[in-house]
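Visitor: I would like to look at this structure slowly, one point at a time. Could you guide me through it?

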Amino acid sequence: MVGKVRLLSEKDLEEAANIFTSVFNDVPWNEPWSYETSYKRLLDISLTPGYIGVGYFDSNNGGLLGFLVGNEEQWADIKSFYINEICVLNNIQHSGIGTNLLDYLKHILESRNVNEAYLSTERGNAKPELFFKRNGFSTNESRILMSIEIGN
């Protein structure tokens, strides 16, 4: 797939929200996202300090085909980047777009002296875990993801 990778503009968030809604309402996620909640999530991420958003655009019509958003964070002795979301249109997944987005992000992070990027995703062979492993990510055995239910 031939396209152009560039930083997302605020205007691009509308198209990104459409992709986000489509991707996460479908297999394997099957989550109940609406356009409104998707846009609000992406807008919130974009308004967080250290925000970086990267999009992959169709070279023919300029339409957004996939994106990655997250935030740079300062730690005691290093800078990290948390990848909040990465989405590629369902019908063109497995075409190299996600890898292109990650490669572009790596160049940006190197120029900003960011030491590492991390994310949270689903485990399992049919899940995104394999995609991230193929792109150089590894499971950090010293960290765990924990959560607590609030309210009813």
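Visitor: Is Asn-113 buried or exposed?

Guide: Before we begin, this is a predicted model, in which local features need pLDDT of at least 70 and side-chain atom pairs count only at pLDDT 80 or more, while totals for chains, interfaces and linings use all residues. Residues are numbered from 1 along each chain as its sequence is written, and side-chain values use heavy atoms, with hydrogens and water left out. We call a residue buried under 20% relative accessible area, exposed over 50% and partly exposed in between (1.4 Å probe, protein chains only). Because its relative accessibility is 58%, Asn-113 counts as exposed.

Visitor: In which loop is Asn-113 found?

Guide: Helices (H or I, at least four residues) and strands (E, at least two) are DSSP runs, numbered from the N terminus. Asn-113 has a positive phi of about 60 degrees although it is not a glycine, and its place is the loop between α3 and β5 (116-118).

Visitor: In what order do the strands of the open sheet stand?

Guide: Two strands pair if DSSP finds at least two bridges between them. The open sheet has five strands with mixed pairing, and β1 (3-7) and β5 stand at its edges with a single partner strand each, so one side of each is left without a neighbour in the sheet. The order is β1-β2-β3-β4-β5.

Visitor: Which residue is the bridge partner of Phe-81 in β5?

Guide: The strands β4 and β5 run parallel and are joined by three bridges. For Phe-81, the bridge partner in β5 is Ala-117.

Visitor: At about what angle does α3 run to β4?

Guide: Axes are lines fitted to C-alpha atoms, for helices over the stretch in contact, and angles run from 0 to 180 degrees between N-to-C directions; contact means heavy atoms within 4.5 Å. The helix α3 lies across β1, β2, β3, β4 and β5, and its angle to β4 is about 155 degrees.

Visitor: Which element supplies the largest share of the largest nonpolar core?

Guide: A nonpolar core is a set of buried Ala, Val, Leu, Ile, Met, Phe, Trp, Tyr and Cys residues joined through side-chain atoms within 4.5 Å. The largest one has 20 residues, and those with the most contacts inside it are Leu-68, Phe-81 and Leu-101. At least two residues of this core come from each of β2 (51-58), β3 (64-74), β4 and α3 (97-111). The largest share, six residues, is supplied by α3.

Visitor: Which residue forms a salt bridge with Arg-6?

Guide: A salt bridge is a side-chain nitrogen of Lys or Arg within 4 Å of a carboxyl oxygen of Asp or Glu, and by this rule the count comes to five. Arg-6 counts as partly exposed because its relative accessibility is 29%, whereas its partner counts as buried at 5%. With the closest N and O atoms 2.8 Å apart, that partner of Arg-6 is Asp-12.

Visitor: How many residues apart are Arg-112 and Glu-72?

Guide: Arg-112 and Glu-72 form a salt bridge in which the closest N and O atoms are 3.5 Å apart. This pair links distant parts of the chain, since Arg-112 is in the loop between α3 and β5 and Glu-72 is in strand β3, and their separation is 40 residues.

Visitor: Which residues are linked with Glu-72 in a network of salt bridges?

Guide: Glu-72 counts as buried because its relative accessibility is 18%, whereas Arg-112 is partly exposed with a relative accessible area of 36%. In the network of salt bridges, Glu-72 is linked with Lys-79 and Arg-112.
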